[in-house]
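Me: I'm new to reading structures, and I'd like a close look at just one part of this one. Could you pick a single strand and walk me through its surroundings?

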Amino acid sequence: MRVQSARFVISAAQPHQFPKDGRPEIAFAGRSNAGKSTLLNTLLKKPGLAKTSKTPGKTQLINFFDLNGKFYFVDLPGYGYAKVAKTIKRRWQTLITRYVAEREPLFLTVLLVDARHTPTKQDHEMIDLLAEAEIPALIVATKIDKVKSSQRQQALARIRKELELDEDAIIVGSSSISKDGLRELWAAIDECLGLRNG
Ligand SMILES: Nc1nc2c(ncn2[C@@H]2O[C@H](COP(=O)(O)OP(=O)(O)O)[C@@H](O)[C@H]2O)c(=O)[nH]1
Ligand SMILES: [Mg+2]
């Protein structure tokens, strides 16, 4: 898809604040610091649109971005932020879980894992939650620029195995620095939305 316009819409703390126009949503999930906001900005070619800070206050909210007046990109709160009180963690876990399980316009979830790291228990829980809700998941191994070219295939195969992905599941290595994987990622998003090119 060609990005014609992209703008911030709302930071939602509660489901009643989510947009009500029913446009298809593509959500970005993953642990804190996996690179969600950076990837979203890179795909939309708008540095700074989604805040890339790690401030817990920001990450408790679900941020909606309007894309071409037709879709929403949704930046989900990162899980696994170590320095946050348990009650707050639980609150945002509930918000993410409810969003994924109940959100009617959710078409696709892009699940980000750092290409260098072993997926966490929460990554597994997210995969299970998506499977239960029958939401397609696209796995993105981020910061692939940090992995030597000769070891990238191996890193992707390892994550595929660790996450116990189906054989036909898509996993893309991406980098917001080298721009690796972005074209492939857009193609997968377009396919999921039933778009060809344009
Ligand atoms: N080397 C490298 N660093 C990245 C990449 N994407 C994000 N980062 C860095 O990782 C950190 C966390 O990124 P952010 O997008 O805020 O993660 P979020 O918490 O998942 O939204 C920031 O310091 C980014 O600059 C990437 O593709 N390559
Ligand atoms: Mg973020």
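Reply: Sure, let's go with strand β2, residues 25-30, and keep in mind that this is a predicted model. Six of the six residues in β2 are buried, so the strand is largely enclosed by the rest of the structure. "Buried" here means that a residue has 20 or more other C-beta atoms within 10 Å of its own.

You can check this face by face. On one side of β2 sit Glu-25, Ala-27 and Ala-29, and on the other Ile-26, Phe-28 and Gly-30. Each of these residues is buried, which leaves both faces of the strand covered.

Now for the strands that pair with β2. One is β4, made of residues 71-75: it runs parallel to β2, and four bridges join the two. To find your place in this pairing, look for Ala-27, which stands opposite Val-74 of β4. Another partner is β5, residues 106-114, again in the parallel sense, and here the pairing goes over six bridges. A handy marker on this side is Glu-25, with Leu-106 of β5 opposite.

So what should you take away about β2? Look back at the two residues used as markers: Ala-27 faces Val-74 across the pairing with β4, while Glu-25 faces Leu-106 across the pairing with β5. Both of these β2 residues belong to the side that also holds Ala-29. Put that together with the burial of six out of six residues, and you have a strand largely enclosed by the rest of the structure.

Conventions. Residues numbered from 1 in each chain as written. Chains lettered and ligands numbered in written order. Predicted model: local features only at pLDDT ≥ 70, side-chain atom pairs only at ≥ 80, totals over all residues. Buried ≥ 20, exposed ≤ 12 C-beta atoms within 10 Å, placed from the backbone. Pairing = 2+ DSSP bridges.
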